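Me: I am new to this structure and should like to be guided through it. Please begin once it is displayed.

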Amino acid sequence: MGCKGQNNCGSSKKKRWVPDAYVIIFVVIVLATIATWVVPAGEFERTQVNGRTVIVPDTFHYVEGNPIGPWEMFLSIVKGLQEAAPIIFFVFIIGGLIGVTEATGALQAGLSAAALKMRGKEKLFIPALMILFGLGGSVFGMAEETLAFVPLMIGLAVAMGYDRVVGISISFLGAAAGFAGAFMNPFTIGVAQTIAELPLFSGMQFRIIVWLVFMAITIHHVMSYASKVKKNPEASIVADVPYEEFETTQKLEEVTLTSSQKLALLGFLGTFAVLVVGVLKYGWYIDELSALFLVGAIVVGILARMEPNQIVRYFIKGASSLTYGALIIGFGRAIAVVLRDGRILDTIVYALSQPLAGLPAGLIGVGMFFVQTLINFLICSGSGQAVATMPIMVPLADVVGVTRQVAVLAFQFGDGITNIIYPTCGVVMATISMAKIPYDRWLKYAVPLVIKLSIAAIILVYIAVMINLGPF
């Protein structure tokens, strides 16, 4: 896309090849298959505790191996898709709801209307809009959707005397911080907690604190930079980079919410309000939430005065837009299938537990966070990373004595924070390309934020270990 934010767009240098997440996962599946022929097979004894299967520590023993052949390897992908089917269809249905809602124009019009009301109120403009995008990142995993707001946010920021870095920070960094510190993101927390057999969106109270901390750090980072640029435009990290401003000023005045858009937006937000009640009061899980989002899509379509065929068309379009993220869940699950059927999953857990077991409890959770951060460079997909790593991290947590909720929290931080800078994450490269911000300049601006968020993550994971963040 574009020239990836670099200055040598017109050069004849070959573009550096970056393997797709599916390619990386398939390579891992192949390596896992080879490992079943090399790594000794072993098992822990397991027992049932309050309806969930847990490992019994100190029961690891070696058993007869079951090496996986090439044909069984490909069958494992099919098995992975089958085992992950509830989560995959959950993602498809969420995409359908978002597709119907986006077709009404309610989401973009609502944010645009909010942006217009903030014009002339510079001190409230950045924090208020970043909080809105942060809620989007936290509640329904807003990420790629922020690309639609790049021209709008840049136009507003430049009109207020800031630069385009501030403009994309409002939408992209706002959503990214909300995503990393989410309290009910179905694509990360929902998938990871389902694999961990935790109550869906449990630990929400602690995660709300996490979200507030992450948003406060990110808003302060953006505001500090914005203040410098406001006082001295030459302080902008892109002051010397040519750029044609988006012609959005006139269009912004015309952005208003129609009555049907207001109703559609109300229906969309109401769906998530019902979700909170259902999860907290009635213990709803994946099946109930899938049904809720299906109903929500129909309700939003009716409120927007869509014809039945239009609702179906936009639902399918929205669902198809998440095909990449949905199917990668099944492919990622295949890794665990190979390791499990090859009887080496417990051996790997046992090997990982040995060096961690001697660490103070708080550092075990921190170690999990760093491991997930490294893996995120290779698998820059929240749901994909969850299904690839949680089958190992969950039993590891059981063995080393930290709660499964801590393992999920470490995954959430490791997956989300570096989405801001990793070049393997498509949304960051697409965003800075649209804004014509060179990647090295973006790193200069964003790396300090990643460091600050990572320090906060380490402290929060340590606290989570110390308080035995649960329910288990």
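**Salt bridges and a kinked helix**

Reply: The side chains of Asp240 and Arg441 form a salt bridge, 2.9 Å from N to O. The term denotes a side-chain nitrogen of Lys or Arg within 4 Å of a carboxyl oxygen of Asp or Glu. This is a predicted model, in which local features need pLDDT of at least 70 and side-chain atom pairs pLDDT 80 or more, while totals for chains, interfaces and linings use all residues. Residues are numbered from 1 along each chain as its sequence is written, and side-chain values use heavy atoms, without hydrogens and water.

Me: How many residues apart in sequence are the parts that Asp240 and Arg441 tie together?

Reply: Asp240 lies in the loop between α9 (204-231) and α10 (249-253). Arg441 belongs to helix α20 (helices are DSSP runs of H or I, at least four residues, numbered from the N terminus). The pair therefore links parts separated in sequence by 201 residues.

Me: Is Arg404, the partner of Asp398, buried or exposed?

Reply: The closest N and O atoms of Asp398 and Arg404 are 2.8 Å apart in their salt bridge. Buried means under 20% relative accessible area, exposed over 50% and partly exposed in between, with a 1.4 Å probe and protein chains only. Because its relative accessibility is 3%, Arg404 counts as buried.

Me: Where in helix α17 does the kink lie?

Reply: Helix α17 spans residues 382-400, and 18 of its 19 residues are buried. Its kink is about 50° (the angle between axes fitted to the seven residues ending at a residue and the seven starting there). The kink comes shortly before the proline Pro391, at Thr389.

Terms used: Helices (H or I, at least four residues) and strands (E, at least two) are DSSP runs, numbered from the N terminus.
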